[in-house]
Amino acid sequence: MKQPIPAAAFAAMRAAVEEYQLITPSSQATSAGIASRVAQELIASGFEVRTATRSVKRRRPRPRSRSPRGVCRTCERDYAITRDGRIREHNAPGQSTGCRGSRKTPVPGSITSAVVDRSRSSCST
Ligand SMILES: [Zn+2]
């Protein structure tokens, strides 16, 4: 990630290097000396020379754990399975009344695991 150097900071660095080269014989010039001079000049110019505080990497939110699902015996639609292995309470399709298959065990073998990718499980027996 490339961050733009503030023009004032760049000017301060250039000035520091030029000044260093002016006052230091080239035979005695060292990169450490230049770096030190640059850093001092930056600080003198009001900049901070420090470890950048890295933005804390945001952890990706975990994909919502999908609860296992099963097919209702009555309306033959799939719904979430409760912890005790029964179909979640739901309304009959297109109606505002509860489906008779609510809170009952799903069609045997219809329960899909939360981990199974349903698009790939079509060939399973
Ligand atoms: Zn139902």
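Glutamate 76 sits in the loop that links β1 (69-71) to β2 (78-80), and that loop is a handy place to start reading this predicted model. The backbone at glutamate 76 does something a little unusual: phi is positive, about 60 degrees, even though the residue is not a glycine. Most residues other than glycine have a negative phi. Glutamate 76 also counts as exposed, because its relative accessible area is 62% and the cut-off for exposed is over 50%. Arginine 103 shows a similar backbone setting, with a positive phi near 60 degrees in a residue other than glycine. Arginine 103 belongs to the segment after β2 and is exposed too, with a relative accessible area of 55%.

Stepping back to the whole chain, there are two helices and two strands, and they come in the order α-α-β-β along the sequence. Of the 125 residues, 20% count as buried. As for contacts between residues at least 6 apart in sequence, 36% of them join residues at least 24 apart.

Now to the metal. Which residues hold the zinc ion? Coordination comes from Cys72 (SG), Cys75 (SG), His90 (NE2) and Cys99 (SG), at 2.0 to 2.3 Å. The angles among the four donor atoms run from 104 to 118 degrees, and the site is tetrahedral. Along the sequence, the donor residues follow the spacing C-x2-C-x14-H-x8-C. How accessible are the cysteines at the start of that pattern? Cysteine 72 has 0% relative accessibility and so counts as buried. Cysteine 75 has a relative accessible area of 18%, and because buried means under 20%, cysteine 75 is buried as well.

The zinc site also overlaps with nonpolar packing. Cys72, Cys75 and Cys99, which are zinc donors, belong to the largest nonpolar core, a set of seven residues completed by Tyr79, Ile81, Ile87 and Ala92. In soluble globular proteins, nonpolar side chains tend to be buried together. Cysteine 99 is in contact with Cys72, Thr74, Cys75, His90, Asn91 and Ala92, leaving aside its neighbours within four places in sequence. Another core lies apart from this one, made of five residues, among them Ala12, Ala16, Val38 and Leu42.

One of the contacts of cysteine 99 is Asn91, a residue in the segment after β2. Asparagine 91 has 40% relative accessibility and therefore counts as partly exposed. Beyond its neighbours within four places in sequence, asparagine 91 is in contact with Tyr79, Ser96, Thr97, Gly98 and Cys99. Serine 102 is eleven residues away from asparagine 91 along the chain, with a C-alpha to C-alpha separation of 7.8 Å.

The helices tell their own story. Helix α1 (residues 7-23) has 17 residues, which should span 24 Å at 1.5 Å a residue; the end C-alpha atoms are indeed 24 Å apart. Which residues of α1 are buried? They are Ala9, Ala12, Ala16 and Tyr20. These residues cover an arc of only 70 degrees around the axis, so they sit on the same side of α1. An α-helix has 3.6 residues a turn, so residues three or four places apart point the same way. The face turned away from the buried side of α1 carries the exposed residues Ala7, Gln21 and Leu22. What the buried residues of α1 pack against is α2 (31-44).

Helix α2 has 14 residues and reaches 20 Å from its first C-alpha to its last, close to the 20 Å expected at 1.5 Å a residue. Its buried residues are Gly33, Arg37, Val38, Glu41 and Leu42. The arc they cover is only 165 degrees around the axis, which puts them on the same side of α2. On the other side of α2, Ala32 and Ile43 are exposed. The cover over the buried residues of α2 includes α1.

Past the end of α2, serine 45 lies in the loop between α2 and β1. Serine 45 is partly exposed, with a relative accessible area of 37%. Serine 45 and alanine 8 are 37 residues apart in sequence, yet their C-alpha atoms are 8.4 Å apart in space. Just after α2, glycine 46 takes a positive phi of about 95 degrees.

Definitions and conventions: Residues are numbered from 1 along each chain as its sequence is written. This is a predicted model: local features need pLDDT of at least 70, side-chain atom pairs count only at pLDDT 80 or more; totals for chains, interfaces and linings use all residues. Side-chain values use heavy atoms; hydrogens and water are left out. Donors are N, O and S atoms within 2.8 Å of the metal (3.2 Å for Na, K and Ca); water is not among the atoms, so sites may look incomplete. Four donors count as tetrahedral if all angles lie between 85 and 135 degrees; four count as square planar and six as octahedral if opposite donors are over 155 degrees apart and all others between 65 and 115; anything else is irregular. Buried means under 20% relative accessible area, exposed over 50%, partly exposed in between (1.4 Å probe, protein chains only). Helices (H or I, at least four residues) and strands (E, at least two) are DSSP runs, numbered from the N terminus. A nonpolar core is a set of buried Ala, Val, Leu, Ile, Met, Phe, Trp, Tyr and Cys residues joined through side-chain atoms within 4.5 Å. Contact means heavy atoms within 4.5 Å. The expected span of a helix is 1.5 Å times one less than its number of residues. The arc is that of the directions from the helix axis to the C-beta atoms.
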